[in-house]
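Good morning, everyone, and thank you for making time for this. Please have the sequence and the model open while I talk, and stop me whenever a term is unfamiliar.

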Amino acid sequence: MYTALLHTHKAVVILFLIIYLAKTVLLFVNKETLAKFTKIAKIPEMIISFLFFGTGVGMWFMMAEPAKMLFLIKVGAVLISIPLAVIGFKKDKENKALAVLAMVLIIAAYGLAEMSRRSVAKQDLAGITDPTAQGYEAVEHGKEVYSKYCVSCHGADGALGVSGAKNLQLTQLSTAESIDIITNGKNAMAPYKKVLSEADIKAVAAYTATLKK
Ligand code: HEC
């Protein structure tokens, strides 16, 4: 469900940006065409705005706690850009600078969205433990890694399902396939290859296998 919302949201944002970009270009190049374009785009724009906010609100309720702060900043940027855009495109006294500023804000908001997905990957390397050290227990170490990096979405028992996280108790994946997803990420789940060492990833995969029911 979250993943469907996320994909819809992204597609809608791209459409929105294309329309907005076209309008901004026309504002500079040809006002008559802009007027025609604005008329034609009116209904699609309304549908897009509705989907944009609808999917955003839906995602908010399913989002992991750490993602919410950046989400709020994004919402702020988008909310500020709306009046700027409205003034920017006002018929008789259009203001090109404001129209461009609104677009920059919207693009910045979506840069932030991408960053927030990757920022999970900015925490310190968890590979404190040397897998060749005496007494190293992969599953035990995996549990530590899991409680630090994974519980926010998957929950302590693997079944929480925040941000569309798959239920790890019911997963059909082999350990190798799990390792691949943990390493490279998938949809709302960030890649962990820059956060965790290979040994950490193996260990956490081994731990998640113990959650299977
Ligand atoms: C931001 C939330 C989030 C965090 C944090 C997160 N995951 Fe995920 N995880 C997901 C989502 C969403 C999916 C489903 C991806 C898909 O298939 O669309 C998923 C899928 C998985 C899968 C595949 C399950 C299956 O049956 O397809 C595994 C394994 C997994 N996560 C392990 C982990 C581990 C280990 C960590 C910590 C290192 C972690 N996840 C952290 C969101 C998260």
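Before I point at any loop, let me say that a helix here is a DSSP run of H or I with at least four residues, numbered from the N terminus. Please also keep in mind that this is a predicted model.

With that in place, we can put Ser163 in the loop between α6 and α7, where its phi is near 55°, a positive value in a residue other than glycine. Ser163 counts as buried, because its relative accessibility is 9% and the cut-off for buried is under 20%. Asn187, in the loop between α7 and α8, likewise has a positive phi, near 45°, but at 32% relative accessibility Asn187 counts as partly exposed.

Now, which residues coordinate the iron atom of the ligand? They are His154, through NE2, and Met189, through SD, at 2.0 to 2.1 Å. His154 belongs to helix α6 and Met189 to the loop between α7 and α8, so the pair ties together parts that are 35 residues apart in sequence. The iron site has six donor atoms, with angles of 86 to 179° among them, and is octahedral. For comparison, the ideal angles for six octahedral donors are 90 or 180 degrees. His154 is buried, with a relative accessible area of 10%, whereas Met189 is partly exposed at 24%.

Finally, let us turn to helices α5 and α8, whose axes come within 7 Å and cross at roughly 90°, which makes α5 roughly perpendicular to α8. The residues of this contact divide into nine nonpolar, four polar and two charged, and among them are Val145 and Tyr146 in α5 and Tyr207 and Leu211 in α8.

Notes. Residues are numbered from 1 along each chain as its sequence is written. This is a predicted model: local features need pLDDT of at least 70, side-chain atom pairs count only at pLDDT 80 or more; totals for chains, interfaces and linings use all residues. Side-chain values use heavy atoms; hydrogens and water are left out. Axes are lines fitted to C-alpha atoms, for helices over the stretch in contact, and angles run from 0 to 180 degrees between N-to-C directions. Helices (H or I, at least four residues) and strands (E, at least two) are DSSP runs, numbered from the N terminus. Angles under 35 degrees count as roughly parallel, over 145 as roughly antiparallel, 65 to 115 as roughly perpendicular and the rest as oblique. Contact means heavy atoms within 4.5 Å. Ala, Val, Leu, Ile, Met, Phe, Trp, Tyr, Cys and Pro count as nonpolar, Asp, Glu, Lys and Arg as charged, and the others, Gly among them, as polar. Donors are N, O and S atoms within 2.8 Å of the metal (3.2 Å for Na, K and Ca); water is not among the atoms, so sites may look incomplete. Four donors count as tetrahedral if all angles lie between 85 and 135 degrees; four count as square planar and six as octahedral if opposite donors are over 155 degrees apart and all others between 65 and 115; anything else is irregular. Buried means under 20% relative accessible area, exposed over 50%, partly exposed in between (1.4 Å probe, protein chains only).
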